[in-house]
There are 2 protein chains.
Amino acid sequence: MPRAGLSRQAVVDLALSVVDDGGPSGWSDLALSTVAHRAGVAVPSLYKHVDGLPGLRSAVAARCVADLTDAMARAIARPATDLEDAAAHKDAPADDDRRATLAGAEAVRALAAAIRAYALAHPGRYRAVQSAETAALGPGSAGPVELVARAVRQLGLPAHRWVDQVRAIRAAVHGFVELELGGGFGLPEDVEMSFRYLLDTLVAGLR
Amino acid sequence: MPRAGLSRQAVVDLALSVVDDGGPSGWSDLALSTVAHRAGVAVPSLYKHVDGLPGLRSAVAARCVADLTDAMARAIARPATDLEDAAAHKDAPADDDRRATLAGAEAVRALAAAIRAYALAHPGRYRAVQSAETAALGPGSAGPVELVARAVRQLGLPAHRWVDQVRAIRAAVHGFVELELGGGFGLPEDVEMSFRYLLDTLVAGLR
DNA sequence: GTCCCAAAGCTAAGACCATTAGCCAAGCGC
DNA sequence: GCGCTTGGCTAATGGTCTTAGCTTTGGGAC
């Protein structure tokens with residue numbers, strides 16, 4: 001039997017594709033059998049590369065966190081060009097990346113938009129992020145939360161409110177996205193508009 | 001073999017207790033085997049009362065929605081006495097229940113607090129509510145969303161913003177609770193305070 | 001070029017799940 | 001007292017993850 005040439009890397013990649021193809025429930029539906037089938041391999045073979053289903057889940061979640069963090073960092077690094085057209089600028093001189101980072105309220109809004117865009121584009125991955133975030137990184141380590149925290153600190157508001165403010169932003173964005181993914185917004189009214197309304201209201205009200 | 005004297009009602013009650021005992025993951029961990037064991041019955045027997053695991057889940061979720069709706073209705077009906085001491089007032093004259101309902105911003109805050117209190121007291125049930133809400137009730141039917149909508153309408157703000165406002169409130173509360181349940185607030189800072197901050201900021205900023 | 005061995009695949013088997021089919025007895029209605 | 005509905009059961013099927021142990025591949029050492 002020819003070898004499939006798997007690797008931890010490859011297995012996680014396959015799992016990622018499974019999560020992506022599963023829509024919002026792709027994360028909870030992630031199963032070894034699906035990954036094995038997609039790899040053209042028997043299920044127990046996966047154990048040579050990954051520590052069972054829990055191990056695979058952690059690995060996938062970690063990748064998703066890094067993924068989202070990247071998207072957020074790009075969102076505040078390059079105002080105009082949002083997420084997807086980063087490739088189009090590959091040929092531009094490297095100094096283009098040095099453009100000044102967004103700050104304050106602009107940054108908060110950009111980060112929120114990036115989180116929502118990521119969640120809508122990769123619902124399964126977003127859910128994966130949520131089950132990881134908590135366990136992994138302590139305060140200070142660069143992750144989605146830290147990016148939001150940095151932006152909030154630049155708002156120039158009293159330091160004793162920073163924690164409350166970060167929590168408020170995170171809660172609002174996460175709650176909105178979660179409801180949107182779950183189909184919780186039954187009415188036909190423009191969801192895009194509601195999201196801007198939420199952010200504008202919240203950010204303008206911070207003190 | 002003596003009969004266990006089960007009923008659909010009893011099975012759902014048992015399932016509810018399983019969900020409660022399971023903490024935040026009690027809902028996703030809900031299994032027929034656990035319920036059957038708790039009922040002192042073999043697993044297939046449950047099919048005589050409930051339409052498999054999906055059926056049981058819907059029934060449980062429906063009960064949780066009604067449950068939460070009740071708690072929210074009580075929260076705006078009786079300002080001082082919150083959730084748990086309703087029983088203590090059982091002997092008071094029935095007219096006591098006629099106390100004027102809270103309105104406007106007060107009502108919104110009370111509803112938000114009730115939702116969070118419910119989620120913290122019954123994390124599994126709260127998660128059950130989230131997986132149901134969407135499917136079940138259309139607009140207008142009395143449920144948690146409709147209660148929030150009514151309170152928002154009484155704020156006296158422009159009607160074309162009502163939908164956005166309801167969505168904002170729901171998103172903020174749900175997101176906060178979800179992060180709190182998931183252990184997403186790593187820092188030791190007072191979570192109670194952060195919740196009030198979020199609500200005050202949001203409600204004060206609505207326009 | 002050969003040999004060897006670590007690593008990567010496999011099958012088999014066990015412990016849980018949910019579900020369906022079909023049997024049997026309990027106990028209520030008449 | 002008889003029967004029939006109904007609520008329990010066992011058995012069997014197919015799905016999941018996991019462990020154990022075997023086979024074979026393919027690359028590095030010599």
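## Close-up views of two protein chains and two DNA strands

The surface near DNA strand C is made up of 13 nonpolar, five polar and three charged residues. That is where this set of legends begins, and the model shown throughout is a predicted one.

**View 1. The protein surface around DNA strand C.** Here we look at the 21 residues that surround DNA strand C. The closest ones come from both chains: A:Ser45, A:Lys48 and A:His49 on one side of the list, B:Leu32 and B:Tyr47 on the other. If you look at the DNA atoms that come within 4 Å of the protein, sugar and phosphate account for 56% of them in strand C. Two helices of chain B, H2 (32-39) and H3 (52-77), each bring at least two residues to this surface. H3(B) has the largest share, with three residues.

**View 2. Phosphate contacts on DNA strand C.** Now let's zoom in on a few atom pairs. A:Ser45 puts a polar side-chain atom 2.4 Å from a phosphate oxygen of DNA strand C. With B:Leu32, the backbone does the job: one of its N or O atoms sits 2.7 Å from a phosphate oxygen of DNA strand C. A:Leu6 also uses a backbone N or O atom, this time 3.4 Å from a phosphate oxygen of DNA strand C.

**View 3. The protein surface around DNA strand D.** Moving to the other strand, we find 21 residues around DNA strand D. The closest are A:Arg3 and A:Tyr47 from chain A, plus B:Ser45, B:Lys48 and B:His49 from chain B. Of the atoms of DNA strand D that come within 4 Å of the protein, 62% belong to sugar and phosphate. This time the helices to look for are in chain A: H2 (32-39) and H3 (52-77) each supply at least two residues of the surface near DNA strand D. H3(A) gives the most, with three residues. Sorted by type, the surface near DNA strand D has 13 nonpolar, five polar and three charged residues.

**View 4. Phosphate contacts on DNA strand D.** Three side chains are worth picking out here. B:Ser45 has a polar side-chain atom 2.4 Å from a phosphate oxygen of DNA strand D. For B:His49, a side-chain N or O atom is 2.4 Å from a phosphate oxygen of DNA strand D. A:Ser33 joins in from chain A, with a side-chain N or O atom 3.0 Å from a phosphate oxygen of that strand.

**View 5. How chain A and chain B are related.** Turn chain B by 180 degrees, with 0.0 Å of shift along the rotation axis, and it superposes on chain A with an RMSD of 0.0 Å. The two copies are therefore related as by a two-fold rotation axis. To find that axis from chain B, look for B:Gly175: its C-alpha is 1.7 Å away, the closest approach of any residue of chain B.

**View 6. Where chain A and chain B meet.** Each chain brings 35 residues to the contact. All of the interface residues of chain B (100%) are also interface residues in chain A, so the copies meet through the same surface. Together the chains bury about 3000 Å², with 65% of that on carbon and sulfur atoms. On the chain B side, B:Arg167, B:Leu179 and B:Tyr197 lose the most area to chain A, and together they make up 25% of what that side buries.

**View 7. A closer look at the chain B side of the interface.** There are 15 residue pairs in polar contact across the interface of chain B and chain A, while the count of salt bridges between the two chains is zero. Helices H7 (162-181) and H8 (191-205) of chain B each supply at least two residues of the side that touches chain A. H7(B) gives the most to that side, with 13 residues. By type, the side of chain B that touches chain A divides into 15 nonpolar, 11 polar and nine charged residues.

**View 8. A salt bridge inside chain A.** Side chains of opposite charge can pair when their charged atoms come close. In this structure, a search over all chains finds 22 salt bridges. One pairing is A:Asp21 with A:Arg38, whose closest N and O atoms are 2.8 Å apart. This pair links distant parts of the chain, with A:Asp21 in helix H1 (residues 8-21) of chain A and A:Arg38 in helix H2 of chain A, 17 residues apart.

Terms used. Residues are numbered from 1 along each chain as its sequence is written. Chains are lettered from A and ligands numbered from 1 in the order in which they are written. This is a predicted model: local features need pLDDT of at least 70, side-chain atom pairs count only at pLDDT 80 or more; totals for chains, interfaces and linings use all residues. Side-chain values use heavy atoms; hydrogens and water are left out. A residue is near a molecule or strand if one of its heavy atoms lies within 4 Å of it. A polar contact is a pair of N or O atoms within 3.5 Å; within protein, one must be able to donate a hydrogen and the other to accept it, and residues adjacent in sequence count only if both atoms are side-chain atoms. Helices (H or I, at least four residues) and strands (E, at least two) are DSSP runs, numbered from the N terminus. Ala, Val, Leu, Ile, Met, Phe, Trp, Tyr, Cys and Pro count as nonpolar, Asp, Glu, Lys and Arg as charged, and the others, Gly among them, as polar. Copies are superposed by least squares on the C-alpha atoms of residues with pLDDT of at least 70 in both. Contact means heavy atoms within 4.5 Å. Buried area is the accessible area (1.4 Å probe) that two parts lose on being put together, summed over both. A salt bridge is a side-chain nitrogen of Lys or Arg within 4 Å of a carboxyl oxygen of Asp or Glu.
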